[in-house]
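Please look through the sequence and the 3D structure below before reading on. The notes that follow are grouped by topic, so that each can be checked against the picture in turn.

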Amino acid sequence: MRYKIVLEYDGSAFHGWQRQIGLRTVQGETERALSHISLGASVTASGRTDEGVHALGQVAHFDYFGELDAQTLARALNHWLPEDISVVGCSVVPDSFDARKSAKRKTYEYVMYTSPVPSPLRRTRECRIGDRADVAAMNAAASRFVGTHDFSAFMTSGSSAKTFTRTIYSSSVAERDGRIIFRITGSGFLYNMVRIMAGALMRVGRGEKREEDIERALSTGDRRLMPDVAPPEALYLVSVEYDGI
């Protein structure tokens, strides 16, 4: 029987999602917890998060043929998981469900703040832009991402993607509870795409770039126009959406 789980985790102490020999990863810890319940089970996620990246709603699936129901299975997993990972949802899904291949939309948030000096308490959760930021200009620039585009200029090397075209359904920047939050929902994202977008928007906020620069990067695919990759610790995978599930 196939199970879908929703995971929340603090990525600060992990070397990303994917299991790696000798390194602490989210997949490795989740499979280790699952091994106490079901031997040999593997966990497949909606996508890999990089080292330091957090998740509020990472989705994964695994097959389990024991007697525990979904709620009991979630409690058992949380008993064995470390304190920086939690199962916040668990349900039975059709055997055809695939957390990665079945995903239709993903939403990310990149969290920033302004301050004359860096905050030691915010360094593993948020990214400092500078003393101040033009949030209205950032929001206008973020809106340029909406639509179906070739995002070659917003991808670093190392991607296995066969096409660079993605559809962005919404993209905005707003102030909330003393933070500046870039929120974006799309059909999928290229390697480091959201962090490159965030880096560009921070430059816009500081007056170093304009929204027209975003448009030019989209139209030309020139990676040199978007030189920054924002730090990973301010990035959150918020949710993953599926049709009918």
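One residue is said to be in contact with another when heavy atoms of the two lie within 4.5 Å. The model shown here is predicted, and the points below deal with a helix, a surface patch and a loop residue.

**Helix α2**

- Helix α2 spans residues 70-80, and within this helix Ala70, Leu73, Ala74, Ala76 and Leu77 are buried.
- These buried residues lie on the same side of α2, because the arc that they cover around the axis is only 165°.
- The other side of α2 carries Gln71, Arg75 and His79, which are exposed.
- Among the elements that cover the buried residues of α2 are the strands β1 (2-9), β3 (54-63) and β4 (85-93), together with the helix α1 (26-35).
- At the N-terminal end of α2, Asp69 acts as a cap, with a side-chain oxygen placed 3.3 Å from the backbone nitrogen of Gln71.

**A nonpolar surface patch**

- Phe65 belongs to the loop between β3 and α2, and this residue is exposed, with a relative accessible area of 70%.
- Together with Met1 and Val92, Phe65 forms a nonpolar patch on the surface, and the accessible area of the three together is about 350 Å².

**Thr156 in its loop**

- Thr156 is found in the loop between β7 (147-150) and β8 (165-176).
- Thr156 counts as buried because its relative accessible area is 13%, which is under the 20% cut-off.
- Leaving aside residues up to four places away in sequence, Thr156 touches Tyr191, Asn192, Ile196, Arg223 and Val229.
- With Asn192, Thr156 also makes a polar contact from side chain to side chain, at 2.9 Å.

How values were computed
Residues numbered from 1 in each chain as written. Predicted model: local features only at pLDDT ≥ 70, side-chain atom pairs only at ≥ 80, totals over all residues. Heavy atoms only, no water. Buried < 20%, exposed > 50% of the residue type's maximum accessible area, 1.4 Å probe, protein only. Helix = DSSP H or I, 4+ residues; strand = E, 2+ residues; numbered from the N terminus. Arc of directions from axis to C-beta. Polar contact = N/O pair within 3.5 Å; in protein donor to acceptor, adjacent residues only side chain to side chain. Patch = residues over 30% accessible without salt bridge, like charges linked within 9 Å, V, L, I, M, F, W, Y side chains within 5 Å. Areas by Shrake-Rupley, 256 points an atom, 1.4 Å probe, with all protein chains shown as cover. Salt bridge = Lys/Arg side-chain N within 4 Å of Asp/Glu carboxyl O.
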